[in-house]
Amino acid sequence: SYSRFRAIGVIMNITFVKYVKDPITEKNISVMATIDGNENLCVPLDTDNRHYQAILEWVADGNTIEEAD
């Protein structure tokens, strides 16, 4: 869903987020996201990353990160 979130004073429009798995370990290592109309942004699962912080707010607002393929 379309949502606006603020991270470090910047409003981000998040419309899509999907986990990316490491092909060897099968663990989620990052997410692919559409933020501010920019598709396929690779965002690390790092709480110090401003994009990931906004994604966590997006999830807290009731949105869901899609599972990896």
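Contact here means heavy atoms within 4.5 Å. With that in hand, here is a tour of a predicted model in several close-up views.

**View 1. The whole chain is built from one helix and four strands.** Following the sequence, the elements come in the order β-β-β-β-α. Of the contacts in the protein chain with a separation of 6 or more, 37% are between residues 24 or more positions apart. The chain has 69 residues, and 32% of them are buried. Its exposed surface comes to about 4400 Å², with carbon and sulfur atoms supplying 49% of that area.

**View 2. Strands E2 and E3 pair in the antiparallel sense.** E2 covers residues 10-21, and seven bridges link this strand to E3. One pair to look for is Tyr19, which stands opposite Val31 in E3. The two strands form a hairpin with six residues between them. Within the loop between E2 and E3 you will find Glu26, whose phi is positive, at about 65 degrees, even though Glu26 is not a glycine. That deserves a second look, because most residues other than glycine have a negative phi.

**View 3. Strands E3 and E4 form a hairpin with two residues between them.** E4 spans residues 38-44 and runs antiparallel to E3, the two being joined by five bridges. Beside the turn, Ile35 stands opposite Asn38 in E4. The turn itself holds Asp36, with a positive phi of about 55 degrees. A little further along, in strand E4, comes Asn40. Asn40 is not a glycine either, yet its phi is positive, at about 60 degrees. With a relative accessible area of 59%, Asn40 is exposed, since the cut-off for that class is over 50%.

**View 4. Ser30 sits in strand E3, which covers residues 28-35.** Is Ser30 buried or exposed? Its relative accessibility is 6%, so Ser30 counts as buried, the cut-off being under 20%. Which residues does Ser30 touch, leaving aside neighbours within four places in sequence? They are Lys18, Tyr19 and Val20, together with Cys42, Val43, Pro44 and Leu45. Take Cys42 as an example: Cys42 and Ser30 are twelve residues apart in sequence, while their C-alpha atoms are 6.7 Å apart in space. Lys18 is in strand E2, and Val43 is a member of the largest nonpolar core, so this view leads on to the two that follow.

**View 5. The largest nonpolar core brings together twelve residues.** Met12, Ile14 and Val17 are members, and so are Val31, Ala33 and Ile35. Val43 belongs too, along with Tyr52, Ala54, Ile55, Trp58 and Ile65. Two or more residues come from each of E2, E3 and helix H1 (50-60). Which element gives the most to this core? The answer is H1, with four residues. As a general point, nonpolar side chains in soluble globular proteins tend to be buried together.

**View 6. A salt bridge joins Asp69 to Lys18.** The count of salt bridges in the model comes to one. In this pair the closest N and O atoms are 2.7 Å apart. Asp69 lies in the segment after H1 and Lys18 in strand E2, so the salt bridge ties together parts that are 51 residues apart in sequence. How do the two partners stand with respect to the surface? Asp69 is exposed, with a relative accessibility of 84%, whereas Lys18 is buried, at 17%. Lys18 may look familiar from an earlier view, as one of the residues in contact with Ser30.

Definitions and conventions. Residues numbered from 1 in each chain as written. Predicted model: local features only at pLDDT ≥ 70, side-chain atom pairs only at ≥ 80, totals over all residues. Heavy atoms only, no water. Buried < 20%, exposed > 50% of the residue type's maximum accessible area, 1.4 Å probe, protein only. Pairing = 2+ DSSP bridges. Areas by Shrake-Rupley, 256 points an atom, 1.4 Å probe, with all protein chains shown as cover. Core = buried A, V, L, I, M, F, W, Y, C linked by side-chain atoms within 4.5 Å. Salt bridge = Lys/Arg side-chain N within 4 Å of Asp/Glu carboxyl O.
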